Amino acid sequence: MLIGVLCLQGAFIEHIGILGRLGAETVELRQKSDLEGRSFDGLIIPGGESTVIGKLLRELDMENDIRSMIESGVPVYGTCAGLILLARRIVNDDNVYLGTMDIEARRNAYGRQLGSFACEAEFEGIGRIPMTFIRAPYIERVGKKAKVLSVVDGHIVAARQGNQLVTAFHPELTDDSRVHEYFLDMVKKRK
């Protein structure tokens with residue numbers, strides 16, 4: 001199983017570590033040529049700064065290739081900034097990046113760095129898991145095709161739409177690998 005991990009900025013090393021422990025092979029995606037000539041079974045878009053990652057996707061001419069992969073059915077998992085990049089609409093930002101998932105996201109919904117926090121909450125299909133929120137977004141609305149997977153304090157923090165999974169939190173910053181296992185199960189079911 002080959003998973004491409006977008007490595008332009010953000011917490012990509014932690015994702016690579018967890019995927020490796022779970023037996024998945026990873027490829028670091030840093031430029032357009034990293035996408036060419038390979039067939040990926042899945043894709044991870046990590047947390048970081050969504051405007052920086054979005055700008056780099058465009059400058060490196062990777063945006064359309066990644067969008068095409070997702071639209072062709074390649075499973076994708078976006079954490080934090082990845083959620084924002086996949087959102088069809090960002091409530092407090094006029095930009096749209098990949099825009100493949102029918103959700104409306106709010107950037108920095110909990111405030112700046114001081115608004116970061118950790119908690120435990122239910123995640124449908126997994127159970128109660130630890131969640132780390134760092135300058136996190138949340139989902140204000142899901143479209144008809146998207147399904148809510150987790151809610152914290154009345155805010156949607158995880159959702160799925162077909163081959164797309166998003167979390168507002170960072171499971172890669174905990175010792176719990178169940179969200180990554182959930183994603184890899186999505187990948188296996190597609191194969």
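**Close-up views of a predicted model**

**View 1. Lining of the largest pocket.** The lining of the largest pocket comprises six nonpolar, seven polar and three charged residues. The structure shown here and in the following views is a predicted model. The volume of this pocket is about 180 Å³. Of its 16 lining residues, those nearest the centre are Gly 48, Glu 49, Cys 80, Ile 134 and Arg 135. Two of these residues, Cys 80 and Arg 135, reappear in the views of the cysteines and of the loops.

**View 2. Cys 80 and Cys 119, two cysteines without a disulfide.** The count of disulfides in the model is zero. A disulfide requires a pair of cysteine sulfur atoms within 2.5 Å. The cysteine sulfur closest to that of Cys 80 belongs to Cys 119 and lies 13 Å away, so the distance is too great for a bond. Viewed from the other residue, the closest cysteine sulfur to Cys 119 is that of Cys 80, again at 13 Å and too far for a bond. The surroundings of the two residues are described by their accessibility: Cys 80 is buried, with a relative accessible area of 4%, whereas Cys 119 is partly exposed at 22%. Cys 80 is also among the residues nearest the centre of the largest pocket.

**View 3. Helix H5 and its buried residues.** Helix H5 covers residues 178–190, a run of 13 residues. The distance from its first C-alpha to its last is 19 Å, close to the 18 Å expected at 1.5 Å a residue. Its buried residues are Val 179, His 180, Tyr 182, Phe 183, Leu 184, Met 186 and Val 187. Two of them, His 180 and Val 187, are shown in the next view.

**View 4. Contacts of His 180 and Val 187 in helix H5.** His 180, a residue of helix H5, is buried with a relative accessible area of 0%. Beyond residues up to four places away in sequence, His 180 touches His 15, Ile 18, Leu 19, Leu 22, Ile 44, Tyr 77, Pro 171 and Glu 172. Val 187 also lies in helix H5 and is buried, at 0% relative accessibility. Apart from neighbours within four places in sequence, Val 187 is in contact with Met 1, Ile 3, Asp 41, Gly 42 and Pro 75. Between the C-alpha atoms of Val 187 and Arg 128 the distance is 22 Å, with a separation of 59 residues in sequence.

**View 5. Arg 190 in helix H5 and its contacts with residues 72 to 75.** Arg 190 belongs to helix H5 and is partly exposed, with a relative accessible area of 43%. When neighbours within four places in sequence are set aside, the contacts of Arg 190 are Ser 72, Gly 73, Val 74 and Pro 75. The C-alpha atoms of Arg 190 and Gly 73 are separated by 8.3 Å, although the two residues are 117 residues apart along the chain. Pro 75 is in contact with Val 187 and also with Arg 190.

**View 6. Positive phi at Arg 135 and Asp 153.** Arg 135 is not a glycine, yet it has a positive phi of about 45°. Arg 135 is located in the loop between strand S8 (127–133) and strand S9 (138–142), and is partly exposed, with a relative accessible area of 25%. Asp 153, likewise not a glycine, has a positive phi of about 50°. Asp 153 occupies the loop between strand S10 (147–152) and strand S11 (155–161), where its relative accessibility of 68% counts as exposed.

Methods
Residues numbered from 1 in each chain as written. Predicted model: local features only at pLDDT ≥ 70, side-chain atom pairs only at ≥ 80, totals over all residues. Heavy atoms only, no water. Buried < 20%, exposed > 50% of the residue type's maximum accessible area, 1.4 Å probe, protein only. Helix = DSSP H or I, 4+ residues; strand = E, 2+ residues; numbered from the N terminus. Expected span 1.5 Å × (residues − 1). Contact = heavy atoms within 4.5 Å. 1 Å grid on protein atoms, 1.4 Å probe; cavity = no way out; pocket = protein on both sides within 12 Å on 5 of 7 lines; lining within 4 Å. Points joined across faces, edges and corners; volume = space filled by probe spheres on them. Nonpolar A, V, L, I, M, F, W, Y, C, P; charged D, E, K, R; others polar.
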